[in-house]
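Thanks for coming. I'll take one model today and go through confidence, strands, sheet pairing and core, in that order.

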Amino acid sequence: RALTINNTSTAALGARDISMPGPMTATWPIPRGSTRLAFTAELPIEARAWGNLELIILVDGSERQRHTLSAQSPEAHVRLDIENARDLTITLDEGDFGPVQDRVTIREAVLLIGR
């Protein structure tokens, strides 16, 4: 499955939405000098009937956060210290209902570089 970046909306600080359309893993390099990462992960409204998944966030291969997203808890607010980190990995792992409607939109992802 492919990630898509929504380039049509006007996003604060240029932070475009990133769509992860199903169980998958994606890794991004973290720019040198980055110290903080923040984003909101959301189970889209149209995926809440059956969507149920584990959102796993790794920094340099080490698990830093894990959130269960479902209709009862459709958002996770991620805030991480990432000083000296090299890469960020986000994994969507299917939940209780299998992979049906297991997709996430990453909203307002921003990095703080330097201080």
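Confidence differs between elements of this predicted model. Strand S1, residues 4-5, has the lowest mean pLDDT among the elements, at 50. At the other end is strand S5, residues 53-59, with the highest mean, 98. For the protein chain, the mean pLDDT is 89, and 87% of the residues reach 70 or more. Where pLDDT is low, the predicted coordinates should not be read in detail. I will leave S1 there, with its mean of 50.

Next, the overall make-up. The protein chain has 9 strands and 0 helices. Its pattern along the sequence is therefore β-β-β-β-β-β-β-β-β, going by how helices and strands are assigned. There are 115 residues, of which 42% count as buried. The exposed area of the protein chain is about 6,600 Å², with carbon and sulfur atoms supplying 49% of it. On contacts: take those between residues at least 6 apart in sequence, and 71% of them join residues at least 24 apart.

Now the pairing. Which strands form the open sheet, and in what order? There are 4 of them, in the order S3-S8-S5-S6, and the pairing is antiparallel. S3 and S6 are the edge strands; each has a single partner strand, so one side of each has no neighbour in the sheet. From one strand to the next, the twist averages 15°.

Going across that sheet, S3 and S8 run antiparallel and are joined by 6 bridges. Thr27 is opposite Thr89 in S8. S5 and strand S6, residues 62-69, pair in the antiparallel sense over 7 bridges. Glu54 has Thr68 in S6 as its bridge partner. The hairpin of S5 and S6 has 2 residues between the strands, and in that hairpin Asp60 takes a positive phi near 50°.

Then there is S4. Is S4 mostly covered or mostly open? Mostly covered: 8 of its 9 residues are buried. S4 pairs with S9 in the antiparallel sense over 7 bridges, and the bridge partner of Ala38 in S9 is Val110. S4 is also joined to S7 by 7 bridges, again running antiparallel. On that side, Thr40 stands opposite His77 in S7.

Last item, the core. Nonpolar side chains in soluble globular proteins tend to be buried together. Here the largest nonpolar core has 25 residues. Which of them touch the most other members? Phe39, Leu55, Ile57, Leu69, Ile90 and Ile106. The strands that each supply at least two residues to this core are S2 (18-20), S3 (24-29), S4 (34-42), S5, S7 (75-81), S8 (87-94) and S9 (104-113). S5 gives the most, with 4 residues.

As one example from the core list, take Ile106. Leaving out residues up to four places away in sequence, Ile106 touches Arg16, Asp17, Ile18, Met20, Phe39, Thr40, Ala41 and Ile90. Two of those names, Phe39 and Ile90, are also on the list of core residues touching the most other members.

To recap S5: S5 has the highest mean pLDDT among the elements, pairs with S6 over 7 bridges, and gives the most residues to the largest nonpolar core. That is all I have.

Notes: Residues numbered from 1 in each chain as written. Predicted model: local features only at pLDDT ≥ 70, side-chain atom pairs only at ≥ 80, totals over all residues. Heavy atoms only, no water. pLDDT = per-residue confidence, 0-100. Core = buried A, V, L, I, M, F, W, Y, C linked by side-chain atoms within 4.5 Å. Buried < 20%, exposed > 50% of the residue type's maximum accessible area, 1.4 Å probe, protein only. Contact = heavy atoms within 4.5 Å. Pairing = 2+ DSSP bridges. Axes fitted to C-alpha atoms, helices over the stretch in contact; angles between N-to-C directions. Areas by Shrake-Rupley, 256 points an atom, 1.4 Å probe, with all protein chains shown as cover.
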